[in-house]
Amino acid sequence: MREAPIMTDLALRPSQPAAAPQPKPRYTVADRAPRRLSDFLLRWETILVILLAAVIIGNTLLSPYFLDLYNLADTTYNFSEKAIIALGMALLILVREIDLSIAAIMALAALAIGSLAAHGVAPPLLILAGLGVGLLCGAVNGLLVTRTGVPSIVITIGTMSLFRGIAQVTLGDQALTTYPDSYLALGQSYFITMPPTPLSFLIFLVLAIVFGVVLHGTAIGRQLFAIGANPVAARFAGIRVDRLRFALFTLSGLLAGLAAVLLTARIGVVRPNIALGWELDVVTMVVLGGVAISGGVGTILGVVLAVFVLGLATFGLSLMNVPGIVINVLLGLLLILSIAAPIVIRRFFGRF
Amino acid sequence: MKRLATYREIILAAIIAVMVIGISIVAPAFGTRDTFVAVLNDTAFLFMMALAQMIVILTRGIDLSVAANLALTGMLTAMVAEHHPDLPIIVFVVLSTVIGLGLGLINGGLVAALQIPPIVVTLGTLAVFRGMIVVIGGGAQVDGANMGANFQLLPKLTVFGLSSIFWIAVLIAVACWLFLTRTRPGRGLYAVGCNPVAARYCGIDLGRQQLIAYAISGAVAGLSGYLWVARYGVAYVEIATGYELTVIAACVIGGVSIGGGVGSVAGTLLGALFIGLIVNALPVMQVSPFWQMAISGAVILLAVIINARAEARPDKLILPRARREAARVGA
Amino acid sequence: ANKRIALVVKNLGNTYFDACRDGANEAAKQLGGMEIIYTAPTKPTAEDQIAVLDSLIAQKVDGLIIAADDANALVPVGKKAMQRGIKVISFDSAVATGGRLMHLSASSTPMIGAKQVQMIAKTLKGEGEVAILSAASTMTNQNSWIAAMKEEWKKPEYAKMPLVATVYGDDQDDKSYREMQALVKAHPNLKGVISPTTIGIRAGAKAIMDGGLIGKVYITGLGLPSEMKDAVEKGACDSFAIWNPVDYGYAATMIMADILGGASAKPGTSVKMGRLGETKIGDDGEAVMGEPFTFDKSNVEKFAKIF
Amino acid sequence: MPSDPVLTLAGISKSFPGVRALSDVGFSLYPGQVTALIGENGAGKSTIVKTLTGIYLPDEGSLTVGQEAKHFSSPRDAWAAGIAAIHQETVMFDELTVAENIFTGHMPGGTLIDWAEARRRTAALLKRIDADFKPETKLKRLSVAQQHMVEIARALSHEAKVIIMDEPTAALSSHEIQELFRIVDQLKAEGHAILFISHKFDEIFRVSDRWVCLRDGEKVGEGLTRDVREPDLVRLMVGRPVDQIFPKRALTIGETVLEVEGLSNATEFEDIGFTLRRREILGFYGLVGAGRSEVMQCLFGMSRPTRGRVTLEGRPFVAKAPADAIAAGIAYVPEDRQHQGAVLPLGIRENTTLASLGAHVRYGFLSRNSERAATRMLGTRLAVKAAHWEQRLGELSGGNQQKVVIAKWLATKPKVVILDEPTKGIDVGSKAAVHDFIGELAEDGLAVILVSSELPEVMGLADRIIVMHEGQMVTAVTRGGPGWSAEAIVAAATGADHQAVAA
Ligand SMILES: Nc1ncnc2c1ncn2[C@@H]1O[C@H](COP(=O)(O)OP(=O)(O)OP(=O)(O)O)[C@@H](O)[C@H]1O
Ligand SMILES: Nc1ncnc2c1ncn2[C@@H]1O[C@H](COP(=O)(O)OP(=O)(O)OP(=O)(O)O)[C@@H](O)[C@H]1O
Ligand SMILES: [Mg+2]
Ligand SMILES: [Mg+2]
């Protein structure tokens with residue numbers, strides 16, 4: 001057609017007199033919000049940084065074993081797989097969805113890896129199999145959620161039993177315990193020797209950066225925020241809401257598959273109860289990371305910080321031989337208090 | 001005022017009826033009066049816990065800490081029984097309800113006063129409550145033998161072959177029904193769940209409603225804690241782990257909307273019965289234990305999806321009746 | 001400095017393991033200069049147990065005594081510990097070879113399996129349908145005992161006592177209770193149940209007592225006297241077996257002390273178990289503490305006070 | 001003054017972070033009188049309503065009801081003092097029945113609710129406002145206009161001395177508006193004091209006895225309605241004179257852009273057909289609930305037609321989702337601002353660029369600067385009042401939210417723009433700006449479909465008007481042609497003239 005896009009024309013023509021003279025508005029609108037120190041200090045990420053610093057300092061003072069490069073590297077093994085899934089879960093929770101089936105997906109993906117390995121399949125194919133099964137399960141979730149309109153918490157409570165159930169049917173009371181050494185090495189040796197860095201931790205860091213950039217820098221990221229804040233308006237704004245939802249569930253499945261690849265390599269055995277109960281741990285990471293369950297609010301930085309706070313606090317407490325269940329009490333309190341504190345502070349010192 | 005059952009509940013009841021008939025054909029052992037009594041007795045906990053959960057979900061909340069509350073209250077009550085085995089039953093009933101209520105108020109207080117999202121609060125208290133069992137009792141288990149006969153008597157009492165736990169669930173159901181349909185705070189729960197802003201404009205205090213909901217949830221979980229321990233004759237850290245998800249699944253199958261404001265006593269009871277039937281029928285049908293989990297997952301999914309279909313929103317009716325195309329009006 | 005030995009069990013709040021801990025403490029007191037760290041993962045899964053072990057390795061403890069949640073999954077972490085100079089042995093539920101120096105069985109697997117079949121045969125006088133009510137389908141020791149039972153079952157004297165079902169109560173009281181009820185329904189001629197898990201046997205016994213099945217169905221298996229006293233007195237259970245868990249914890253700790261003191265723990269050698277004497281390590285790296293002990297009306301009262 | 005005031009506000013101030021919404025406002029309401037509260041978007045009208053109903057606590061100032069100083073900390077306090085309101089935002093419960101919607105918060109009965117009484121009183125209220133639905137109907141089954149009637153019934157149910165109506169006519173069409181006026185007159189006759197907020201001057205002059213004008217949170221004048229003329233009020237509101245109606249631009253209509261033939265849905269509309277050309281403004285008029293929005297949403301890809309054909313620039317066009325429609329150059333400004341238009345938790349900038357993110361991508365990333373420039377340009381053009389461009393939409397006044405929603409769609413550079421009640425809740429000055437903007441877009445070659453229940457607006461802007469009734473097109477009239485008169489169009493819309501025609 002003949003003209004350039006219409007709005008560009010308008011945009012370039014503010015000075016040209018319109019049919020009626022356009023009156024100047026009486027007020028000016030600033031470009032940015034006024035910066036206030038209290039806003040910065042009460043930002044969720046700031047609080048997490050303070051919390052993280054407190055955890056590190058506290059642990060260093062209380063245990064001589066904490067600040068040891070190898071000990072720290074070893075402890076990342078215990079949270080990196082969950083943290084990888086947490087990145088996908090963060091996006092899901094951001095758009096008001098949730099995936100409670102991730103641990104069950106891991107079981108199914110691990111089953112695929114284990115049974116192929118038992119038949120002598122090579123490591124690259126094992127990895128592909130794990131990722132593929134994860135992707136497939138995620139796609140099933142995505143399909144069910146977008147096609148039926150049933151809330152995802154409901155669908156994934158169902159697929160949680162279904163997926164793990166399938167693993168149980170196939171595996172019964174057996175365990176799959178043979179894996180090629182080069183595959184086990186992925187999870188049982190440092191990927192970089194200095195500084196000692198396990199592969200899973202490295203993958204988590206890289207993925208965190210990718211997720212952060214995509215969520216906070218690109219159009220897709222913005223669309224996710226909009227879906228989380230108001231899915232109907234987002235659809236009216238031309239965002240392909242269901243397609244993105246489907247993609248996020250698939251991604252979540254894929255990440256669960258990746259976690260299964262890493263976990264099987266690390267422990268070298270697959271049973272139907274693998275990764276049991278991880279879903280709540282992952283949700284805790286995301287929630288402590290400041291992603292709002294009501295949708296539309298959250299940052300990847302927050303999730304990463306929360307992963308470190310939880311991981312290092314757990315490690316520090318177990319160095320003091322606090323029983324796991326008591327650690328859970330403390331982490332539960334931490335979760336509540338750290339979310340309650342800024343609210344209380346705001347209420348007492350804020351203007352309303 | 002309220003119709004006794006909605007379309008959705010009728011569908012669910014029909015599904016359940018078909019299931020019962022199907023199962024009884026496959027496994028004749030199932031189709032006996034005894035079995036139904038056993039199913040009802042076994043599902044009694046789920047009935048009451050699901051009703052309490054429904055009340056929370058109505059306010060757009062969720063209470064993930066119910067199972068932990070149950071375990072903690074059960075343990076505390078059992079510890080009291082260990083030291084005072086001769087206390088009358090009513091003391092245990094009241095005590096457990098009060099402890100549970102207290103725990104529920106902690107949830108409710110955090111949700112209501114600070115407006116922290118319920119899933120966050122109860123995810124936290126889920127860990128805290130269960131951990132407190134270890135912190136308080138040193139983690140030691142309390143055995144039936146040490147609880148005294150009185151303590152364990154209640155679940156053994158039966159009326160028409162149905163255990164007292166079932167009858168307590170019936171009482172709770174009636175109370176819930178009256179509360180939800182006939183009282184102001186009860187209707188208020190629906191209002192805040194349906195539209196919290198509008199509720200505020202109508203002078204309904206969101207916080208107060210939330211407090212009520214979590215208090216009820218806590219009290220019922222606490223009472224269930226005593227009954228659970230009395231029934232199974234042992235209290236230890238891990239009782240009823242993961243039970244919260246079963247409870248929520250029962251609500252959801254029963255048509256309670258996670259988005260708040262929608263749900264009924266009848267629907268929730270049917271949802272619980274549905275799950276109770278499955279978990280009881282699969283072993284009787286001699287389905288391989290390895291298959292049970294997969295089957296219940298698939299059946300739950302199916303029920304939920306069929307149910308959602310039944311409720312699918314019809315198109316608006318704007319054209320005059322005579323001009324509507326017959327084909328799609330059925331919905 | 002004190003030698004620090006960690007006793008890592010499957011879960012906390014379990015009477016059985018608490019009794020093991022008492023035994024370990026008894027040994028530590030007897031030996032002196034020894035500190036016991038008693039701990040367990042939050043959830044009984046391999047992943048959680050690995051995290052606990054990692055923190056113990058980081059603390060450079062001297063010895064690890066592990067009741068494994070998963071035999072194979074703990075091998076890498078056990079290896080890592082041994083590479084860092086920590087002595088690792090397992091008890092109760094084994095870590096697979098390669099992940100530990102040796103394993104101390106309470107009793108040999110065939111012995112435990114056979115014992116349970118013999119007990120139910122004695123109760124039923126060798127006649128009637130029998131089922132197994134196990135813990136979770138994934139648990140190693142339960143599974144190996146069941147395998148051993150089936151081996152024993154092949155003997156001709158059990159011909160009139162068929163095994164009709166194996167079900168799993170996942171070591172949860174409510175599920176075990178329900179499975180027990182279902183067993184009775186599904187198999188109207190069921191006479192006996194073997195439950196090789198302390199939670200399964202107590203929930204099963206409760207279901208028998210509550211369901212008015214005393215005298216019709218008997219349960220046996222591995223149970224704790226304190227939990228089973230009632231069932232034995234009421235007649236839901238004729239006899240059951242278990243080893244003394246206090247002794248078990250004591251023996252494992254003594255062996256660890258012996259190894260820390262220089263014993264090689266190689267197959268074919270012997271290790272010392274303090275007041276319980278010595279035990280010889282077999283070719284598979286496993287040693288046996290003793291025979292399971294049978295409890296019935298005559299002695300359950302006495303032991304119920306201990307564990 | 002005729003008698004003692006029932007309600008007096010004095011020195012009321014209220015601030016939000018960064019904004020002083022009200023400063024030192026004071027006026028009185030008198031029994032048997034209607035007071036119109038006027039002011040631009042964001043002047044503070046709704047904030048007054050919320051302070052009067054106990055939803056906001058004022059920072060300073062006092063409320064006197066009768067002779068008593070009052071302090072409202074909850075809507076219940078306000079009810080108790082005899083004040084009830086219809087709010088600007090719909091505050092309704094979709095899943096509850098009409099009776100419950102009316103009585104939530106003040107159910108009749110003692111310990112147990114007296115449902116029979118609630119139903120009886122609901123029926124009486126519905127009868128009083130001439131509404132023909134049942135107390136047991138679930139609210140979600142009602143049309144937007146009917147829902148509005150429920151809100152009115154709710155305000156009446158309190159038997160309040162003071163009734164506040166915040167833009168009660170925004171969702172209503174002329175028929176229902178007449179109905180509302182009848183109710184207002186009746187209330188007045190019964191001695192109620194009424195505070196009436198509207199941006200439409202014909203309504204203000206029709207119902208009010210007195211007026212109070214706010215500008216930027218301050219009271220800038222008050223008086224008797226019979227003593228003023230419209231331009232004076234406008235000057236007070238805006239601070240300067242405003243041309244309210246721009247003359248319709250004379251444009252030469254271009255080639256056909258959109259052609260719709262026999263578009264039907266099973267229950268919503270039937271046999272819709274029209275052509276739309278460049279530089280043309282095509283009006284759609286009808287009573288609320290006539291199905292205009294459904295037709296437009298179908299064109300926009302929100303629903304699928306059962307029959308019919310759509311051609312866009314000569315090619316067949318099928319929209320499976322709004323994204324397809326936008327990609328093809330169709331924009332739709334939805335009528336339901338709260339749910340379909342505004343993303344309240346996000347900022348103005350994020351809302352403005354949401355439908356046109358592609359235009360702000362540089363090297364794969366969103367450019368904040370580019371977004372800001374576009375937001376500033378459109379926001380200023382549409383006279384959005386805000387503290388800053390990052391302000392959350394939820395913090396803006398209703399009218400300003402609507403402006404941002406319009407800006408979002410105009411930013412997509414469409415070929416066809418469908419405006420569904422675009423000026424709902426927008427003040428006179430800004431409405432003129434929007435109309436001018438629409439005219440200018442048409443001049444630039446855009447084709448416009450204007451769905452509006454406000455007849456002056458459609459007749460002032462459109463080249464042709466299609467009238468719908470119960471899902472069918474009843475007539476189409478061309479500017480200056482036969483039938484181009486308010487009476488004829490309204491008659492057609494009410495179904496008086498039953499003769500379906502094709503355009
Ligand atoms: N919750 C809030 N947070 C911050 N600012 C607010 C909030 N509510 C209102 N405001 C501001 O207060 C001012 C007055 O808003 P108000 O809603 O009273 O306007 P109004 O006169 O009703 O306008 P309209 O005609 O558009 O409805 C506006 O500048 C608005 O941005
Ligand atoms: N006869 C009816 N039966 C059920 N619902 C109806 C009926 N008529 C209208 N509705 C309701 O109408 C609403 C749509 O009304 P709305 O006022 O939005 O009309 P509309 O189609 O946008 O009309 P227009 O755009 O012409 O004003 C829907 O919410 C629907 O529930
Ligand atoms: Mg307003
Ligand atoms: Mg409309």
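User: How far apart do the end C-alpha atoms of residues 248–495 of chain D lie?
Analyst: Happy to start there, keeping in mind that this is a predicted model. UniProt, in an unreviewed entry, places the feature "domain: ABC transporter" at residues 7–241 and 248–495 of chain D. The span 248–495 is 33% helix and 24% strand. Its end C-alpha atoms are separated by 29 Å.

User: Where in chain D is confidence highest?
Analyst: Chain D has an average pLDDT of 88, and 97% of its residues score at least 70. Among its elements, helix H15 (residues 428–443) of chain D has the lowest mean, 84. The highest, at 96, belongs to helix H12 (residues 348–352) of chain D.

User: Over which residues of chain D does pLDDT stay under 50?
Analyst: Where pLDDT is low, the predicted coordinates should not be read in detail. The stretch in question has 13 contacts beyond four places in sequence in the model. In chain D, the stretch with pLDDT under 50 is residues 499–503.

User: And over which residues of chain B does pLDDT stay under 50?
Analyst: Chain B averages a pLDDT of 87, with 94% of its residues at 70 or above. Its stretch under 50 has six contacts beyond four places in sequence. That stretch of chain B is residues 327–331.

User: Which protein donors does the magnesium ion (ligand 3) have?
Analyst: The donor atoms are an OG and an OE1, lying 1.9 to 2.1 Å from the ion. One residue sits in helix H1 (residues 45–52) of chain D and the other in the loop between strand E6 (83–86) and helix H3 (98–103), 42 residues apart. Both fall under the 20% cut-off for buried: D:Ser46 has a relative accessible area of 18% and D:Gln88 one of 19%. The donors of ligand 3 are D:Ser46 and D:Gln88.

User: At the magnesium ion (ligand 4), is D:Glu335 buried or partly exposed?
Analyst: The protein donors here are D:Ser293 (OG) and D:Glu335, the latter listed with two OE donors, at 2.1 to 2.8 Å from the ion. D:Ser293 is in helix H9 (residues 292–299) of chain D and D:Glu335 in the loop between strand E16 (330–333) and helix H11 (337–341), so the pair ties together parts 42 residues apart in sequence. D:Ser293 is buried at 8%. D:Glu335 has a relative accessible area of 23%, which is not under the 20% needed for buried, so D:Glu335 is partly exposed.

User: Which chains share the most contacts?
Analyst: Five pairs of chains are in contact, while chains C and D do not touch, their nearest C-alpha atoms being 38 Å apart. Between chain B and chain D, 33 residues of B meet 45 of D, and about 3500 Å² is buried. For chains A and D, 47 residues of A and 73 of D take part, with about 4700 Å² buried. The pair that shares the most contacts is chains A and D.

User: Which residue of chain A forms a salt bridge with D:Glu371?
Analyst: Chains A and D have three salt bridges between them. The partner lies in helix H10 (residues 219–229) of chain A, where 10 of the 11 residues are buried, the partner among them. In this salt bridge the N to O distance is 2.7 Å, and the partner of D:Glu371 is A:Arg222.

User: Which residue of chain D does B:Arg187 pair with in a salt bridge?
Analyst: Chain B and chain D have one salt bridge between them. Its closest N and O atoms are 2.5 Å apart. The partner of B:Arg187 is D:Glu100.

User: Which residue of chain B meets C:Arg178 in a salt bridge?
Analyst: The whole structure holds 59 salt bridges over all chains. This one crosses between chains, from helix H6 of chain C to helix H2 (residues 33–58) of chain B. C:Arg178 is buried at 14%, and its partner is buried too, at 6% relative accessibility. With an N to O distance of 2.7 Å, the partner of C:Arg178 is B:Asp42.

User: Which residues is C:Asp174 in contact with, leaving aside its neighbours within four places in sequence?
Analyst: C:Asp174 belongs to helix H6 (residues 173–186) of chain C. At 8% relative accessibility, C:Asp174 is buried. Its contacts are B:Trp228 and B:Tyr232.

Key. Residues numbered from 1 in each chain as written. Chains lettered and ligands numbered in written order. Predicted model: local features only at pLDDT ≥ 70, side-chain atom pairs only at ≥ 80, totals over all residues. Heavy atoms only, no water. Donors = N, O, S within 2.8 Å, 3.2 Å for Na, K, Ca; no water. Helix = DSSP H or I, 4+ residues; strand = E, 2+ residues; numbered from the N terminus. Buried < 20%, exposed > 50% of the residue type's maximum accessible area, 1.4 Å probe, protein only. pLDDT = per-residue confidence, 0-100. Contact = heavy atoms within 4.5 Å. UniProt positions renumbered as here; feature names shortened; annotations may be inferred. Buried area = accessible area lost by both parts, 1.4 Å probe. Salt bridge = Lys/Arg side-chain N within 4 Å of Asp/Glu carboxyl O.
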